[in-house]
Amino acid sequence: MADPIRVAVTGAAGQIAYSAIFRLASGAVFGPDQPVQLSLLEIPPAMKVLESVAMELDDCAFPTLTGVTMTDQAEQAFDGINAALMIGSRPRGPGMERADLIRVNGPIFVGQGKALNRAASDVRVVVVGNPCNTNCLIAMSNSDVPKDRFSAMMRLDYNRAKTMLANKAQVPVTDVTNLAVWGNHSNNQYPDFENARIQGRPLSEMITDESWLKDTFVPDVQTRGAVVIKARGSSSAASGAIAALDHLLSFRQPTPAGDWFVAAVLSAGQYGVDPGLIFGYPLRVKGEGWEIVEGLTMSDWGRTKFEKVLDELRQEREVVKDLL
Ligand code: NAX
């Protein structure tokens, strides 16, 4: 058996974690021959619920699960870990603006960013807790972990967009490729149908209804989270967990030839984004690291969407500048 991979999950008593943890433990993510140790972080009031998660893990008798630790101390949770799923944060309450949420959750990522210095040298950090791009920026700015190890999750947006396009074209989701989602995990994200391909051909050959693409597809992807909340009474959980695990795996596996995956990473100025922002880009794995796919083009309409979400991220950075 290989050495165990040590995965920290924050917000481990929450609903996304409840869907993610059992998949991690079962071997569904890293395979049946890869032992996994889980390090579960919560805040003190949630520790009792977290104990019940550990009990259920015991009750599954997973052959791949070789250890579980539970703690409310980030330094302990991140000690020696190879991957961190940073899900823990407070949800947006009634009447709370996005800026309020940023100010409430931002400080969590200052302390946890510092605690990540205890991680193993190969650690990869995935920030899921919202506002995830800016929380990722805060954690990265407060940590000595190399900046290319940090990313924020746009994968749920990507998965949602992929299914909507596949349904419209009446093809399997696997036929939709080269789909970028630019910018921020927010209502201003830009799911880019212009560069997407279906069955290897430009999407515009398969979906000719441009008004559907601009006036239905884009806003439906942007607001899908709110639609799920309305139907379910709480925010997306299983799909969020699956997206987080897809995201984690995409950084560990070769990217399929000719395609890319989507995550928010540190910009070095690609596509005119301010260097230093955590921006959603199309990526490919390259060696042990990754690279941003460059050279994609956008119409003026697409560029307007792109500039809007870029501006939103600039404003978010301004709100938390004292935490960076
Ligand atoms: P829950 O409220 O069910 O769980 C959050 C958990 O985090 C709670 O158990 C809470 O005790 C814990 N927590 C709070 N502060 C903490 C801290 N300082 N350290 C450790 N744990 C802490 O929310 P859930 O539905 O699991 O969602 C978690 C986060 O994911 C939210 O911020 C949510 O907005 C975000 N999402 C992000 C998505 C994305 O695409 N990036 C999509 C799904 C989801 O909406």
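This short talk describes the two largest pockets of the structure shown above.

Good morning. Please keep in mind that the model is predicted.

I begin with the largest pocket, whose volume is about 1,400 Å³. Its lining consists of 44 residues, and those closest to the centre are S89, P91, R92, N130 and S235. Which elements give two or more residues to this lining? They are α1, at residues 15-26, α4, at 98-115, α6, at 155-169, and α9, at 224-232. Among these, α4 gives the most, with four residues.

What is the chemical character of the lining of the largest pocket? It divides into 20 polar, 16 nonpolar and eight charged residues. As for its place in the chain, domain 1, residues 5-152, and domain 2, residues 155-323, each supply at least three residues to the lining of this pocket.

I now turn to the second largest pocket, which holds about 360 Å³ of space. Here 19 residues form the lining, and R155, Y158, K162, S250 and P256 are the closest to the centre. Two or more lining residues come from each of α6, β7, at residues 176-177, and α10, at 238-250. The largest share belongs to α6, with five residues. By class, the lining of the second largest pocket comprises eight nonpolar, seven polar and four charged residues.

One element deserves a second look on the structure. Helix α6 gives two or more residues to the lining of the largest pocket, and α6 also provides five residues to the lining of the second largest pocket.

Thank you for your attention.

Note on methods: Residues numbered from 1 in each chain as written. Predicted model: local features only at pLDDT ≥ 70, side-chain atom pairs only at ≥ 80, totals over all residues. Heavy atoms only, no water. 1 Å grid on protein atoms, 1.4 Å probe; cavity = no way out; pocket = protein on both sides within 12 Å on 5 of 7 lines; lining within 4 Å. Points joined across faces, edges and corners; volume = space filled by probe spheres on them. Nonpolar A, V, L, I, M, F, W, Y, C, P; charged D, E, K, R; others polar. Domains from an automatic or database assignment.
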